[in-house]
Amino acid sequence: MRSTDRCAVLRQSAASMQLYSIDQFILIWFLFVSADFIHTCKRNDPNVNSCIRKSIEELRPYLRRGIPELKVPSLEPLVIKELVAAEGSGIKITTENLKVFGCSNFTIQKLDVNLKTHQYLFNIKLPHLVLDGRYIIDGRILLIPIRGKGRLTGDIFNAKANVSLSGQIIKKHGEDYLHYHKMTIKIKVVTGKLRLDNLFGGEPVLGEVINSAINANFEQFMNELRPIVEKALAKFMLESADGIASSFPYKDLFPV
């Protein structure tokens, strides 16, 4: 956003302070002093895909540490407070306070944008994710009964994701704003390693057998965990994208 545009926004907001809460005015002040990290793209730019890719790349360092003023949490690490996966499929896996390191090292391999319908399709690659958290597991995997509760650690290499993001224009304070309301992510994971501590109440022999079986059949096991990762990443990325987009009038994000 250009300095002249931000000055106009601030003057307009100051003139109508009765419409805003203190929190909203603090946000407006933040946008005035530090919104240069938003790389805008013109709606009629024939290379809008490349422009948006550049904008995402320039946001990367801010996503790493988070942008509290825009309610965007840190991506390093991505913290999954609690998620349940694979219920009804013979195994139930719950994770608690799972930290995922390496999410900010994504690369965009393909990007397709339709600004008329506000649809965004892109493919990303995550070269190395490091997992550390707590787990509860109960059920069968690879035809083997498995249960336990303890620490989960692991590494995932060269994960790929297909992402679909949908938005719409909404009116706010008499202006058009872009609101992202839906995101789906499909992830493919092939290689990596995991360790589940304290399986079967800490029985060491059975624990080692199960961990060895998991890592010998890593892709199959990850298919059970995949909904956890997909849901967590989609929630974070949707909140982050909407937190940024909904803080700026659409004409400032995508000027004519």
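Buried here means under 20% relative accessible area, exposed means over 50%, and partly exposed is anything in between, using a 1.4 Å probe and protein chains only. Because cysteine 103 has 4% relative accessibility, it counts as buried. Everything below comes from a predicted model, in which local features need pLDDT of at least 70, side-chain atom pairs count only at pLDDT 80 or more, and totals for chains, interfaces and linings use all residues. Residues are numbered from 1 along each chain as its sequence is written, and side-chain values use heavy atoms, with hydrogens and water left out.

**View 1. A disulfide joins cysteine 41 to cysteine 51.**
A disulfide is a covalent bond between the sulfur atoms of two cysteines. The cut-off used is a pair of cysteine sulfur atoms within 2.5 Å. This structure holds one, and its sulfur atoms, on cysteine 41 and cysteine 51, sit 2.1 Å apart. The link is left-handed, with -95° about the S-S bond. It ties together distant parts of the chain, 10 residues apart: cysteine 41 is in the loop between helix 2 (22-34) and helix 3 (48-65), while cysteine 51 is in helix 3 itself. Helices (H or I, at least four residues) and strands (E, at least two) are DSSP runs, numbered from the N terminus. Both cysteine 41 and cysteine 51 are buried.

**View 2. The second largest pocket has strand 1 and helix 5 in its lining.**
A pocket is an open set of points on a 1 Å grid over the protein atoms alone, where a 1.4 Å probe fits and protein lies on both sides within 12 Å along at least five of seven lines; lining residues have an atom within 4 Å of a point. This one offers about 300 Å³ of space, the volume being what is filled by probe spheres set on the points, which are joined across faces, edges and corners. It has 13 lining residues, and Leu78, Val79, Ile80, Lys81 and Lys235 are the closest to its centre. Strand 1 (78-85) and helix 5 (218-245) are the elements that give two or more residues, with strand 1 supplying the largest share, six residues. Sorted by class, the lining has seven nonpolar, one polar and five charged residues. For that sorting, Ala, Val, Leu, Ile, Met, Phe, Trp, Tyr, Cys and Pro are nonpolar, Asp, Glu, Lys and Arg are charged, and the others, Gly among them, are polar.

**View 3. Backbone oddities at proline 77, asparagine 97 and asparagine 198.**
The peptide bond from glutamate 76 to proline 77 is cis, with omega near -5°, and proline 77 belongs to the loop between helix 3 and strand 1. Asparagine 97 isn't a glycine, yet its phi is positive, about 50°; look for it in strand 2 (residues 91-101). Asparagine 198 also isn't a glycine, and its phi is about 65°. That residue is in the loop between strand 7 (191-196) and helix 4 (204-216). Asparagine 97 is partly exposed because its relative accessible area is 48%, and asparagine 198 counts as partly exposed at 39%.

**View 4. Threonine 95 is buried in strand 2.**
Its relative accessible area is 2%. Setting aside residues up to four places away in sequence, threonine 95 touches Ile80, Lys81, Glu82, Leu83, Arg134, Tyr135 and Ile228, where contact means heavy atoms within 4.5 Å.
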